[in-house]
Amino acid sequence: MNAITDVAGILVGQHHRLDSDATMGAGWASGVTVVLTPPGTVGAVDVRGGAPGTRETDLLDPANSVRYVDAVLLAGGSAFGLAAADGVMRWLEERERGVAMTGGVVPIVPAAVIFDLEVGGWTNRPTADFGYNACESAGADVAVGTVGAGVGACSGVLKGGVGTASTTLPSGVTVGALVVVNSAGNVVDQTTGLPWLSYLADEFGLAIAPDEQLAELATLESPLSALNTTIAVVATDAALSPAACRQVANAAHDGLARSIRPAHTPVDGDTVFALATGAIEVPPPADVPAAFSPETPLATEVGSAAADCLAHAVVAAVIAADPVAGIPTYRGLLPGAFAARR
């Protein structure tokens with residue numbers, strides 16, 4: 001399906017509220033996206049942006065005690081949206097998912113948020129019920145564009161949103177990515193209307209739009225503001241340790257740097273979570289130096305694929321986005337980019 005759910009056992013649920021007449025600063029335009037994991041999934045995170053809003057990220061340090069992640073929450077609502085993680089925890093607790101303790105379980109739900117409060121109304125942000133409802137809707141089909149945590153997202157001069165992609169490596173390992181693009185930087189070059197990565201234009205079948213459409217795109221201004229942060233989850237079915245999973249999260253950020261300009265700015269809170277379900281064991285090559293971790297080749301291969309998937313997912317999110325609160329969309333501004341190549 002070219003989605004993160006191509007990694008067996010990974011499910012995605014989304015819940016949002018969007019008023020059809022929402023205007024900038026008024027109405028509902030926010031939501032959440034939840035990635036549910038199979039039992040025994042290892043997690044890690046790498047935070048690069050200067051203005052992150054996160055929960056439970058310290059727990060994912062490979063030096064710390066807890067190895068497994070039960071779900072990851074991506075949410076709108078700025079720091080207020082972290083409340084949606086309570087609903088995810090409640091849903092998991094009802095199913096006895098989490099760290100088993102005397103008297104019950106403690107679900108592990110790392111989370112990150114985007115700032116979308118100025119798109120809808122400031123007080124219209126996700127609650128615990130949003131997280132719970134997203135879990136209830138989780139499945140293998142992943143909607144993209146103006147859905148879930150991407151409802152109020154912006155991307156430079158254009159509307160942002162949710163995107164996903166996946167690939168299968170020669171080893172049989174699957175790698176997938178899911179992203180909420182709410183970036184300070186642009187995903188497309190305003191002079192050509194095409195993605196910064198030229199090969200992605202070919203993958204999406206995009207051509208240079210007519211001059212009058214490009215002229216309108218060129219006039220749009222995108223001041224670096226508080227309305228930023230790109231948050232993502234990359235996943236694989238390979239068996240990786242927490243340390244190797246952290247390396248994958250680190251490498252996956254390259255996908256943001258390649259597809260968004262600029263990325264990782266002081267006003268972005270760019271955060272990438274990495275998940276490894278451990279379903280596929282890949283033996284290390286015989287020539288791995290004894291001084292290296294035997295996971296080094298696999299972590300390198302998976303990290304490279306994660307970066308490629310994440311870059312693809314970023315472009316997919318912007319192309320699929322629908323209008324909200326008068327924010328221009330790629331498809332609305334550049335319909336000629338989808339015409340047959342001349």
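**Exercise 1. Backbone outliers**

Task: Classify E96 as buried or exposed, then describe its phi and place it in the chain.

Solution. Step 1: E96 has a relative accessibility of 66%, so it counts as exposed. The cut-off for that class is over 50%. This is a predicted model, and every value here is computed from it.
Step 2: The phi of E96 is positive, about 55 degrees, although the residue is not a glycine. Most residues other than glycine have a negative phi.
Step 3: E96 sits in the loop between α1 and β6 (99–101).
Step 4: Take E56 next. Its phi is near 65 degrees, again positive in a residue other than glycine. E56 belongs to the loop between β4 and β5. With a relative accessible area of 33%, E56 is partly exposed.
Step 5: Turn to the peptide bonds. The bond from R261 to P262 is cis, and its omega is near -10 degrees. P262 lies in the loop between α5 and β14.

**Exercise 2. Rings**

Task: How many aromatic pairs does the structure hold, and what is the geometry of the pair W28 and F130?

Solution. Step 1: There are three aromatic pairs.
Step 2: W28 and F130 lie 5.6 Å apart, centre to centre, with 20 degrees between the planes. Stacking requires under 30 degrees, and this pair is stacked.
Step 3: Locate both partners. W28 is in the loop between β1 (11–18) and β2 (29–36), while F130 is in helix α2 (residues 128–136). The pair links distant parts of the chain, 102 residues apart.
Step 4: Check accessibility. W28 is buried at 11%, and F130 is buried at 9%.
Step 5: Now take Y330 and F338. Their centres are 5.9 Å apart and their planes 85 degrees, an edge-to-face pair. Y330 is buried, with a relative accessible area of 1%. F338 is partly exposed, at 37%.
Step 6: Add a charge over a ring. The charged end of R125 sits over the ring of F80, 3.6 Å from its centre.

**Exercise 3. The sheet with β3**

Task: What is the strand order of the open sheet that contains β3, and which strands stand at its edges?

Solution. Step 1: The order is β3-β14-β13-β12-β11, five strands with mixed pairing.
Step 2: β3 (42–47) and β11 (161–168) each have a single partner strand, so one side of each lacks a neighbour in the sheet.
Step 3: Look at the twist. Neighbouring strands are turned by 15 degrees against each other on average, direction ignored.
Step 4: Follow one pairing. β3 and β14 (residues 271–280) run antiparallel and are joined by six bridges. V42 stands opposite A276 in β14.
Step 5: Add the helix. α5 (residues 242–259) packs on the sheet and touches β3, β13 (231–238) and β14. The direction of α5 makes about 45 degrees with that of β3.

**Exercise 4. The sheet with β1**

Task: Which strands are at the edges of the open sheet holding β1, and which strands does helix α1 touch?

Solution. Step 1: This sheet has five strands in the order β1-β2-β5-β8-β4, with mixed pairing.
Step 2: β1 and β4 (54–55) are the edge strands, each pairing on one side only.
Step 3: β2 pairs with β5 (residues 71–75) in the antiparallel sense, over five bridges. L36 stands opposite A71 in β5.
Step 4: Helix α1 (residues 84–94) packs on the sheet, touching β2, β4 and β5. Its direction makes about 150 degrees with that of β5.
Step 5: α2 lies across β1 and β2, running at about 50 degrees to β2.

**Exercise 5. Nonpolar cores**

Task: How many residues has the largest nonpolar core, and which helix gives the most to it?

Solution. Step 1: The largest core has 53 residues. Those with the most contacts inside it are L158, V234, V302, L310, Y330 and L334.
Step 2: Helix α6 (residues 296–320) gives the most to this core, with 14 residues.
Step 3: Zoom in on L334. Leaving aside neighbours within four places in sequence, L334 is in contact with G193, A209, Q213, L214 and L217.
Step 4: Another core, of 25 residues, lies apart from the largest one. I10, V12, V45 and A149 are among its members.

How values were computed. Residues numbered from 1 in each chain as written. Predicted model: local features only at pLDDT ≥ 70, side-chain atom pairs only at ≥ 80, totals over all residues. Heavy atoms only, no water. Phe/Tyr/Trp six-rings, centres within 6.5 Å; stacked < 30°, edge-to-face > 60°. Helix = DSSP H or I, 4+ residues; strand = E, 2+ residues; numbered from the N terminus. Buried < 20%, exposed > 50% of the residue type's maximum accessible area, 1.4 Å probe, protein only. Lys NZ or Arg CZ within 6 Å of the ring centre and 35° of its normal. Core = buried A, V, L, I, M, F, W, Y, C linked by side-chain atoms within 4.5 Å. Contact = heavy atoms within 4.5 Å. Pairing = 2+ DSSP bridges. Axes fitted to C-alpha atoms, helices over the stretch in contact; angles between N-to-C directions.
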